[in-house]
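Work through the exercises below with the structure open. Each task is followed by a solution in steps.

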Amino acid sequence: PNVAGSVSDADLFSYIAKMRQGYEGNILYQNRYTIEESSPTALFIFYTILGNLSRFFSVNLVLFYFIANYICDLILILGLGLFNSHFFKSKKWVLITIFMICFSTGYSFLYILFPGLSINQFGNDISADVIIPEFSTFTSIMDVCHFPFCISLMLFIFFIIIKNSENNLYYFLLSVLTFCLGLVHPFDFVTVFSVSFVFLCIQLFIYKDVLYKKNILKFIFPFVIGFLPVLYINYILNTNIILKLTFKDMNILTSLPITSYFMGYGTNFLLAALGILYIFRKKIILNKEIVFLLVWIITNFILLYSPFDFQRRFVMGLQIPIVILSMITLNTIFEKEQIIRKFIISFIVVITCFTSTFLILNERASKIFFFIDSDILSLYKWINNNNISNKNFFSYDYMGTFTPAFSSNRVFLGHWCETDNFKGRRELVNKFFNFFSKKQIKFLKDINI
């Protein structure tokens, strides 16, 4: 997806800007998409660390970003293989399931073929895999570097929870994983904690599992560790005035109608639902692995409609248990029907090709792209060579978006969700360049442009 899809939109350069601060030797982050200074914090530490590594290996920041992206993709595939080994004895089905998780999507292409399609009486919905980057594994890989990394952390944590080993090394590793997840993407930590809490309660109080009862304290400590960065980030975003103002709109992401999620998961969701129905009709005794998948799906959907402004953030990783359960359904219900099984898998692959192609083309058509020519790169080279990093830049948001990625300067107007009062400032900038007066020179001096 990175080759054929969007590789140069506004969000990409905002992450490069954070990496640049690491490239300069910093670990802590400061928002340079506004002229107001704020104290350094441990936000976006994933990208400042990447910037430090880019400097250590003497690799261009943009190139290193994509190298890191591919490394995270490989870690994700490793995590999927490890996690899937809990559910399939056959390596063939582990690989098929990995493929389906990485590439299968839903029915969003139908909205192109039938623009007037409505699946909700209150208006035209759209399939969730079109507008939520972290909705599916495919779009997570296509969008940003830290998404596949965070999904990998989730999988490794869940692998340890299901394994329930007596080896203390697993619980040390669990503490490291929960801390990293809480620091990089606290929304995913909330998902992991909620799913694990419900699952452990079921094992303790319904199944009365002796080994889980024995190890329960070993599970509690790592999640306490994971809560520390989550509490820290929450404190920073509520006490740092500049960050509170600039990030107030970033996480106002209420959930879509549930029909949008059904359309987004497509055939996999139908198969998973069929599998659940089959389990209850046949009164099959569930093993802990299937219980975990059901807990993950149900708990995740509850989080998607929980009373938070950022409900939509909880969708990351939900596709994984749905796809695994759909593949288990194929293996169980259609075990002797080889032709039907092959047909269903082929159907999902064909539908996925349509949808994935649409997603890539839609990304290219709908997003604002930022291509930097050699003249502009020469400008930033001149800026960096002439030591004027203490100056603020005043420009259209087009230039303001990638200025902090290629220089150490702050900008009056930049990335939409990191610039305070973005719409008001953009309007002011447009007026400024359309009509020039002496008063405007004073204005520029007042804000140290």
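**Exercise 1: Salt bridges**

Lys-442 and Asp-446 form a salt bridge, with 3.0 Å between the closest N and O atoms. A salt bridge here is a side-chain nitrogen of Lys or Arg within 4 Å of a carboxyl oxygen of Asp or Glu. The model is predicted, so local features need pLDDT of at least 70 and side-chain atom pairs count only at pLDDT 80 or more, while totals for chains, interfaces and linings use all residues. Residues are numbered from 1 along each chain as its sequence is written, and side-chain values use heavy atoms, with hydrogens and water left out.

Task: State how Lys-442 and Asp-446 are placed in helix H20, and whether they are buried or exposed.

Solution. Step 1: Lys-442 and Asp-446 are about one helical turn apart, because 4 residues separate them in helix H20 (residues 438–446). Helices are DSSP runs (H or I, at least four residues), numbered from the N terminus. Step 2: both Lys-442 and Asp-446 are exposed. Buried means under 20% relative accessible area, exposed over 50%, and partly exposed in between (1.4 Å probe, protein chains only).

**Exercise 2: A shared partner**

Task: Find which residues are joined with Glu-24 into one salt-bridge network.

Solution. Step 1: Arg-20 forms a salt bridge with Glu-24, the closest N and O atoms lying 3.4 Å apart. Step 2: Arg-32 also bridges to Glu-24, with 2.8 Å between the closest N and O atoms. Step 3: Arg-20, Glu-24 and Arg-32 are thus one network, joined by salt bridges that share partners. Step 4: Arg-20 counts as buried because its relative accessibility is 13%, and Arg-32 is buried at 11%. Glu-24 is partly exposed, because its value is 30%. Step 5: by the salt-bridge rule, the count comes to 8.

**Exercise 3: Helix packing**

Task: Classify how helix H18 packs with H17 and with H1.

Solution. Step 1: helix H17 (residues 374–385) and helix H18 (residues 397–406) pack at about 50°, with axes 11 Å apart. Axes are lines fitted to C-alpha atoms, for helices over the stretch in contact, and angles run from 0 to 180 degrees between N-to-C directions. Step 2: H17 and H18 are therefore oblique to each other. Angles under 35 degrees count as roughly parallel, over 145 as roughly antiparallel, 65 to 115 as roughly perpendicular and the rest as oblique. Step 3: helix H1 (residues 10–23) and H18 pack at about 25°, with axes 7 Å apart. H1 is therefore roughly parallel to H18.

**Exercise 4: Inside and surface**

Task: Decide whether Phe-138, Leu-293 and Ile-49 are buried or partly exposed.

Solution. Step 1: Phe-138 lies in helix H7 (residues 137–143) and counts as buried because its relative accessibility is 5%. Its C-alpha atom is separated by 5.3 Å from that of Phe-103, 35 residues apart along the chain. Step 2: Leu-293, in helix H14 (residues 288–304), is buried because its relative accessible area is 0%. The C-alpha atoms of Leu-293 and Lys-91 are separated by 20 Å, and these residues are 202 apart along the chain. Step 3: Ile-49, found in helix H2 (residues 45–56), is partly exposed because its relative accessible area is 40%.

Definitions and conventions. Helices (H or I, at least four residues) and strands (E, at least two) are DSSP runs, numbered from the N terminus.
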